[in-house]
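These are my notebook entries on one structure. I looked up its strands, its helices and its ring contacts in turn.

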Amino acid sequence: MAIIWVTLLAELRRLDNKLRNTDKTIFESFTDLSFADHYPHRVLVLRSQSVPHREETPWHQHQKAQLVLPLTGVVTSFIEDKMWLVPPRCAVWIPSNVMHRNQISPHADVCMLFVDSTDLALPEAACTLTVTPLVRELILHLHRQQDDDKTDPATDRLIDVLLDQLIQLEREEFDFPIPDEPILNRLALELIARPSEKRTLGEWASDFAMSERTLARMIKRHVQLTFGQWRSQLHIVLALQKLATNMPIQTLSEELGYDSVSAFITFFKKALGKSPRQYRIERWGRE
């Protein structure tokens, strides 16, 4: 049976029409994905492909846990008080009933896996997972085979294999904390908007009419990092995101505000144990 890939919104409407026959206006935006909670089987796979503009889902939550897997392109997930990187060959795991929203880059190909995680030893907190080729192919196969009316024994066995593999995936921490505290929330958004900004902690403190020491203590209390560590974490998240899109390393170092390529490479290697070029080759198989 020929498969026609459509946007996630069209996919939701199609499946909703088959399964629930409810008012389609509830999916005029991505605000409500609780539809997935009513899917009768353990796993539901939705796919969005080649949309020419950036897509964004507003804040929402659902009972089923969710795995966001970019096949191409980049997804940035905001989960509670953190921003998470989701480059190709990685996925972000969003546990049940956790508030989140997703930004999907133009022309991306993204799978969203909704899982009934009850009684499964899957992560209880959001995290980035390194996706193996087997897990990727299982998800794509289940998308092609899934049926709203029934599952056959062979598909049930594949779902069992997929869930077993999900439990074993390597977990990584590619996140940037965004505190709810108003001053730090504003500072976090400023850092995201202008990652090349080199202003010192004292200069930021002056903007907020407080001492450098007070701001430093506030960051440590709410983020559990120093200001330098916090900003470095953002640079790692953005660097990995841009490396995944094949951005030249020199351009990347300039966008993050480093004085030279060598300074950026030194920073990256200290953080992740290998150069940006080595990391890109090992993770995404390209120079």
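**Entry 1: the sheet.** I traced an open sheet of 6 strands in this predicted model. The strand order reads β1-β8-β3-β6-β9-β10, and the pairing is antiparallel. I then looked up the edges. β1 (43-49) and β10 (170-172) stand there, and each has a single partner strand, so one side of each lacks a neighbour in the sheet. For the twist, I noted that neighbouring strands are turned by 25 degrees against each other on average, direction ignored.

**Entry 2: strand β9.** I followed the pairing of β9 on both sides. Strand β6 (residues 90-94) is joined to strand β9 (residues 127-130) by 4 bridges, and the two run antiparallel. Within this pair, I found T130 of β9 as the bridge partner of C90. With β10, β9 pairs over 3 bridges, also in the antiparallel sense. There, I recorded R171 of β10 opposite L129.

I next looked up the side chains of β9. In a regular strand, side chains alternate between the two faces of the sheet. C127 and L129 point one way from β9, whereas T128 and T130 point the other way. Are these four residues buried or exposed? I found all of them buried.

**Entry 3: helices across the sheet.** I checked which strands two of the helices cover. Helix α2 (residues 133-145) lies across β1, β3 (65-72) and β8 (109-115). Its direction is at about 95 degrees to β1. Helix α3 (residues 153-168) lies across β1, β3, β8 and β10, and runs at about 100 degrees to β8.

**Entry 4: aromatic pairs.** I searched the whole structure and obtained 5 aromatic pairs. For F264 and F268, the ring centres are 5.9 Å apart and the planes meet at 55 degrees, so I entered this pair as tilted. A plane angle over 60 degrees would have counted as edge-to-face. Both residues belong to helix α9 (residues 261-272); because they are 4 residues apart, about one helical turn separates them. I also looked up their accessibility. F264 is buried at 0% relative accessibility, and F268 is likewise buried, with a relative accessible area of 0%. Which residues make up the aromatic cluster that includes F264? I listed Y258, F264, F267, F268 and Y279 as one cluster.

**Entry 5: charges over rings.** I lastly looked up arginines placed over aromatic rings. The charged end of R101 sits over the ring of F78, at 4.1 Å from the ring centre. For R199, I found the charged end over the ring of W204, 4.7 Å from its centre.

Technical notes
Residues numbered from 1 in each chain as written. Predicted model: local features only at pLDDT ≥ 70, side-chain atom pairs only at ≥ 80, totals over all residues. Heavy atoms only, no water. Phe/Tyr/Trp six-rings, centres within 6.5 Å; stacked < 30°, edge-to-face > 60°. Buried < 20%, exposed > 50% of the residue type's maximum accessible area, 1.4 Å probe, protein only. Lys NZ or Arg CZ within 6 Å of the ring centre and 35° of its normal. Pairing = 2+ DSSP bridges. Axes fitted to C-alpha atoms, helices over the stretch in contact; angles between N-to-C directions. Contact = heavy atoms within 4.5 Å.
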